[in-house]
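Reader: I have a structure open and would like to go through some of its helices. Can we start?

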Amino acid sequence: MSLASGSSTRRKTTEGLTTTEGLTTTKEVTTTEERSAPATGTPPASTEEPAAVLPLRPARPARPRPARASVLPRVLRAVLTGAIKSAAIVALLLAWELVPRFGLVDRTFLPPFSEVADAWWGLVANGQLADNAQASLVRSFSGFGIAVAVSVPLGLLIGWYRPVADLLNPLLQVFLNTAALALLPVFVLLLGIGETSKISIVVYACAWPILFNTISAVRTVDPTLLRLAKSMDLSAPRLFQKVILPASVPTIFTGIRLAGAVSIVVLVAAEMIGAKAGLGYLINASQYNFAIPQMYAGIVTISVIGVAFNQLLVAVEKRLSSWRVPATN
């Protein structure tokens with residue numbers, strides 16, 4: 001009984017497993033067939049519930065910063081930079097105002113700056129300052145422009161051809177060390193006391209700083225740049241255009257800035273000798289008439305023009321040298 005019952009139990013268990021396996025197999029086959037069958041008719045209902053999709057929150061547009069927040073630091077930085085740069089000039093003007101008032105110097109020969117400012121405004125009001133400044137600027141800029149137009153190409157040519165530089169260098173050194181004002185009587189004798197002699201003396205004074213700086217700029221170009229350019233088989237004109245000339249711009253402009261300052265100084269001295277208009281004439285005439293504040297007003301005007309002219313040349317130099325990478329510590 002027990003053995004029979006045990007064997008029957010085993011049979012039932014085996015049959016149960018077989019039946020279960022058969023059902024499982026049938027179900028799996030049916031599912032596979034359903035997947036591989038073409039989608040005709042009504043698709044079978046999916047047993048999986050679709051995942052809940054949360055609604056996307058629309059992105060908020062970036063709020064533009066108020067203009068005051070971005071402009072205010074720039075304004076403060078510009079004001080601070082200007083205050084630092086002008087501190088020395090303000091200190092000089094303050095000393096100029098206080099020293100004569102405290103009796104440290106005779107205010108007859110050095111009036112306070114406020115009196116000079118009043119005299120300057122009087123010259124502006126009656127038109128004398130504008131007329132004299134215009135005459136000086138025309139002469140100075142004419143001579144300076146001619147000197148730049150002649151000296152820069154000549155310096156590039158002399159610096160590019162070394163035998164020419166070796167041949168002309170002694171003669172150029174003689175002219176460089178001959179003061180322009182020493183030759184002013186020669187220019188007056190040869191060209192008269194008109195505009196030609198004044199412009200010519202400015203050309204002579206400005207030509208030599210530009211010429212020698214241009215020659216030095218061409219002859220001191222970085223040899224590494226020249227080797228790299230020659231390795232690319234550049235022709236001589238392309239080498240000069242792409243390497244020599246851009247690398248020479250900073251040194252050339254050093255000479256141009258020196259010539260800009262020289263043009264004003266030499267012209268003022270020339271106008272003191274034989275001229276009927278100009279800032280040099282105004283200063284000399286004020287001295288003879290013992291109008292000391294007007295004399296200092298003319299001197300201040302010359303200084304302002306010189307500083308403005310130099311800043312203009314610096315801006316042009318930065319424009320032409322924008323390819324240079326600034327040095328960093």
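Author: Start with helix H10, residues 236-273: its 38 residues leave the end C-alpha atoms only 49 Å apart, short of the 56 Å of a straight helix at 1.5 Å a residue. That expected span is 1.5 Å times one less than the number of residues, and helices here are DSSP runs (H or I, at least four residues) numbered from the N terminus. This is a predicted model, where local features need pLDDT of at least 70, side-chain atom pairs count only at pLDDT 80 or more, and totals for chains, interfaces and linings use all residues. Residues are numbered from 1 along each chain as its sequence is written, and side-chain values use heavy atoms, without hydrogens and water.

Reader: Where in H10 is the kink?

Author: At Val249, shortly before the proline Pro250, with a bend of about 50°. The bend is the angle between axes fitted to the seven residues ending there and the seven starting there.

Reader: Next topic. At what angle do H4 and H12 cross?

Author: The axes of H4 (residues 113-126) and H12 (residues 292-320) cross at roughly 80° and come within 8 Å. That makes H4 roughly perpendicular to H12 (65 to 115 degrees).

Reader: Which residues make the contact?

Author: From H4, Glu115, Val116, Ala119, Trp120 and Leu123; from H12, Pro293, Gln294, Tyr296, Ala297 and Thr301. Contact means heavy atoms within 4.5 Å.

Reader: And Arg219, which helix is that in?

Author: Arg219 belongs to H8, residues 195-219. Setting aside neighbours within four places in sequence, Arg219 contacts Gly159, Arg162, Ala165 and Asp166.

Reader: How far is Arg219 from Leu156 in space?

Author: 9.3 Å, C-alpha to C-alpha, though Arg219 and Leu156 are 63 residues apart in sequence.

Note on methods. Helix = DSSP H or I, 4+ residues; strand = E, 2+ residues; numbered from the N terminus. Axes fitted to C-alpha atoms, helices over the stretch in contact; angles between N-to-C directions. Parallel < 35°, antiparallel > 145°, perpendicular 65-115°, else oblique.
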